[in-house]
Amino acid sequence: MKKYLFLFSLLLLPFLWNCSGEDRSGEQPFAPVLSSPEAIPMGDSCLLRGYVVSSPNSSLTACGFYYGNDSIKKELTCSNIDFTFEDVTDSLGAGRFYAVAYAQNGIGKTLSDTLWFELIP
């Protein structure tokens, strides 16, 4: 019986060896890296554009913007999850506003620097 178990394990070993995926244990995953976002005024709203510089060893799962001022705080979640993403804010009216881009992958979420912009409709 032991002889058959030994032969079976010898035959099974090559199959198990070939079924294992690529060894990525030596790689270190990181959260995405963002560059500064852009704000392009469009009347009483604004086109916000963000840029992901890198997302090593993990695919992007979400991207968007936080924007507002002292009394308004809103979030835009972009439908196109890509290294360049953009969306248009709601009607904001005149004033000074901030925007912060974010990107998320399987490791974590990263926020960009704060961008200040002014709307003068």
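Visitor: Which residue meets the side chain of R49 in a salt bridge of 2.7 Å, N to O?
Guide: Happy to start there, with the reminder that this model is predicted. R49 lies in strand β3 and its partner in strand β6 (residues 84–88), so the pair ties together parts that are 37 residues apart in sequence. The partner is partly exposed, with a relative accessible area of 36%. The residue that meets R49 at 2.7 Å is E86.

Visitor: Which residues are linked with R49 in a network of salt bridges?
Guide: Besides its bridge to E86, the side chain of R49 meets E38 in a salt bridge of 3.7 Å, N to O. R49 sits in strand β3 (residues 45–54) and E38 in strand β2, so this pair ties together parts 11 residues apart in sequence. R49 counts as partly exposed at 21% relative accessibility, and E38 is partly exposed too, at 32%. The residues linked with R49 in the network are E38 and E86.

Visitor: With which residue does D90 form a salt bridge?
Guide: The closest N and O atoms of this pair are 2.9 Å apart. D90 is in the loop between β6 and β7, while its partner is in strand β5 (residues 73–77), 16 residues apart. D90 counts as partly exposed at 39% relative accessibility, and the partner also counts as partly exposed, at 34%. That partner is K74.

Visitor: How many disulfides does the structure hold?
Guide: C78 makes a good test. A disulfide needs two cysteine sulfur atoms within 2.5 Å, and the sulfur of C78 is 4.8 Å from the closest cysteine sulfur, in C63, so the distance is too far for a bond. The number of disulfides in the structure is 0.

Visitor: Is C46 buried or exposed?
Guide: Buried means under 20% relative accessible area. C78 falls under that cut-off at 5%. C46 has a relative accessible area of 0%, so C46 is buried.

Visitor: Which aromatic residue pairs with Y98?
Guide: The structure holds 4 aromatic pairs. In the one with Y98, the centres are 6.0 Å apart and the planes stand at 65°, making the pair edge-to-face. The pair links distant parts of the chain, with Y98 in strand β7 (residues 95–105) and its partner in strand β9, 18 residues apart. Y98 counts as buried at 18% relative accessibility, whereas the partly exposed partner, at 45%, is W116.

Visitor: Where does S112 lie?
Guide: S112 is buried, with a relative accessible area of 10%. Not counting residues up to four places away in sequence, S112 touches L34, S35, P37, V100 and A101. Its place in the chain is the loop between β8 (109–111) and β9 (115–119).

Visitor: What is the accessible area of the nonpolar patch that I40, M42 and V88 form on the surface?
Guide: I40 is found in strand β2 (residues 38–42). This residue is partly exposed, with a relative accessible area of 32%. Together, I40, M42 and V88 have an accessible area of about 210 Å².

Visitor: How many helices and strands make up the secondary structure of the protein chain?
Guide: From the N terminus on, the elements run α-β-β-β-β-β-β-β-β-β. Among contacts with a separation of 6 or more, 58% are between residues 24 or more positions apart. The secondary structure comes to 1 helix and 9 strands.

Methods
Residues numbered from 1 in each chain as written. Predicted model: local features only at pLDDT ≥ 70, side-chain atom pairs only at ≥ 80, totals over all residues. Heavy atoms only, no water. Buried < 20%, exposed > 50% of the residue type's maximum accessible area, 1.4 Å probe, protein only. Patch = residues over 30% accessible without salt bridge, like charges linked within 9 Å, V, L, I, M, F, W, Y side chains within 5 Å. Areas by Shrake-Rupley, 256 points an atom, 1.4 Å probe, with all protein chains shown as cover. Salt bridge = Lys/Arg side-chain N within 4 Å of Asp/Glu carboxyl O. Helix = DSSP H or I, 4+ residues; strand = E, 2+ residues; numbered from the N terminus. Contact = heavy atoms within 4.5 Å. Phe/Tyr/Trp six-rings, centres within 6.5 Å; stacked < 30°, edge-to-face > 60°.
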